[in-house]
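Colleague: I am new to this structure and would be grateful for a close look at a single part, the surroundings of the ligand. Please then place that part within the rest of the chain.

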Amino acid sequence: MARQEVIKKYAVFGNPIEHSMSPLIHEYFAKNLKINLSYVPILGSLGKFEKEAKIFLENGGSGFNVTLPFKEDAFKLAETKSKIARITGSVNTISIKNGVIHGDNTDGIGFVKDMKNNIEYDFNDKKILVVGAGGAAMGVIPSILNENPSELKIYNRTFEKAKSLSDSFENIGPVEAVSQDKIHKHNFDLIINATSIGINNIKFELSRKILNTETVCYDMSYGKISNSFKMWSNENNLKFHDGLGMLLEQAAESFYIWELQRPVITEELKNNLKLRL
Ligand code: ATR
């Protein structure tokens, strides 16, 4: 009798989840590497993440990704955690390591890899501004600090949140919160938008005094959501990158954690995603 092949089951939990491009990305990675697996989107119920995640694993799930709003819940679910997951307090990748639920966070490395490998940006000695102090900012700041920037300032509508974020990372590198009345005294080589301004299509505004001749803009979101920051960047004739590369790189890191094989991010895959934006 022919032995039936066991197909590994993966998923992404989020709410909402219908627009997630992770299934397309992981299925593409798997096909290219000739690995047979399934990867499905799961609409998690608010307040029931732990239960639903455990059911997925008990039913043979090998691991899953976690997106908004469950990254802190996933941190609580994980019995062991990587260093970066512990530092950021959030988990976007769950795997089973020696029978134990393990949590990792690939967002920061995904951002840094996109900047270094695809955009060919060197963080060393650069003056960096992160706009926003929510989960997205928290996920990338420690990884940026590890790249030896000369300074990393956090600017946020609610100053206290920027302050508490900078306090929690000050032992890693030169990070500081900057207030609205002081920001114009600085200039930055790289400005990263980690706010959710674009979701509501609100105009992005920031003093032009913070620009220098080198300033590059990066929005951690992609598609229409990155348009407000892109418009501001275009008005100021700055180089602009959206977060599609980061999405792909963080996915590749998660795939590697599960399958120990490094997927290739091809132009074909990028084009497939752009068609869906
Ligand atoms: P995420 O997990 O995507 O980072 P979040 O934790 O809700 O989402 O954080 C959203 C960020 O966008 C916050 O920094 C928020 O500023 P506040 O801390 O002051 O709330 C910022 N943000 C959202 N809407 C904004 C707006 N209209 N103007 C300025 N900042 C905004």
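Colleague: Which backbone N or O atom lies 2.9 Å from an oxygen atom of the ligand?

Modeller: A backbone N or O atom of Ala 136 lies at that distance, 2.9 Å, from a ligand oxygen atom. Before going further, I should state that this is a predicted model, in which local features need pLDDT of at least 70 and side-chain atom pairs count only at pLDDT 80 or more, while totals for chains, interfaces and linings use all residues. Residues are numbered from 1 along each chain as its sequence is written, and side-chain values use heavy atoms, with hydrogens and water left out.

The contact of Ala 136 is a polar contact, that is, a pair of N or O atoms within 3.5 Å; within protein, one must be able to donate a hydrogen and the other to accept it, and residues adjacent in sequence count only if both atoms are side-chain atoms. Asn 156 makes another such contact, with an N or O atom of its side chain 2.7 Å from an oxygen atom of the ligand. Ser 196 contributes through its backbone, where an N or O atom is 3.1 Å from a ligand oxygen. On its own the ligand has 640 Å² of accessible area, and the protein covers 73% of this; such areas come from the Shrake-Rupley method with a 1.4 Å probe, and for residues only the protein chains shown count as cover.

The ligand is surrounded by 15 residues, the closest being Ala 133, Asn 156, Arg 157, Thr 158 and Lys 161. A residue is counted as near if one of its heavy atoms lies within 4 Å of the molecule or strand in question. By class, this shell holds 6 nonpolar, 7 polar and 2 charged residues. In that division, Ala, Val, Leu, Ile, Met, Phe, Trp, Tyr, Cys and Pro count as nonpolar, Asp, Glu, Lys and Arg as charged, and the others, Gly among them, as polar.

I turn now to the sheets. An open sheet of 6 strands has the order β9-β8-β7-β10-β11-β12, with parallel pairing. Its edge strands, each paired on one side only, are β9 (175–177) and β12 (239–241). From one strand to the next, the twist averages 20 degrees. Strands are DSSP runs of E with at least two residues, helices are runs of H or I with at least four, and both are numbered from the N terminus. Two strands pair if DSSP finds at least two bridges between them. Within this sheet, β7 (residues 127–131) and β10 (residues 188–193) pair in the parallel sense over 4 bridges, and Val 131 has Asn 193 in β10 as its bridge partner.

Another open sheet of 6 strands follows the order β2-β1-β3-β5-β6-β4, and its pairing is mixed. Here the edge strands are β2 and β4 (80–81). Strand β4 runs parallel to β6 (residues 100–104), joined to it by 2 bridges.

Finally, the whole structure has 12 salt bridges, each a side-chain nitrogen of Lys or Arg within 4 Å of a carboxyl oxygen of Asp or Glu. One of them joins Lys 8 and Glu 259, whose closest N and O atoms are 3.3 Å apart. This pair links distant parts of the chain, as Lys 8 belongs to strand β1 (residues 8–14) and Glu 259 to helix α9 (residues 244–259), 251 residues apart.

Technical notes: Axes are lines fitted to C-alpha atoms, for helices over the stretch in contact, and angles run from 0 to 180 degrees between N-to-C directions.
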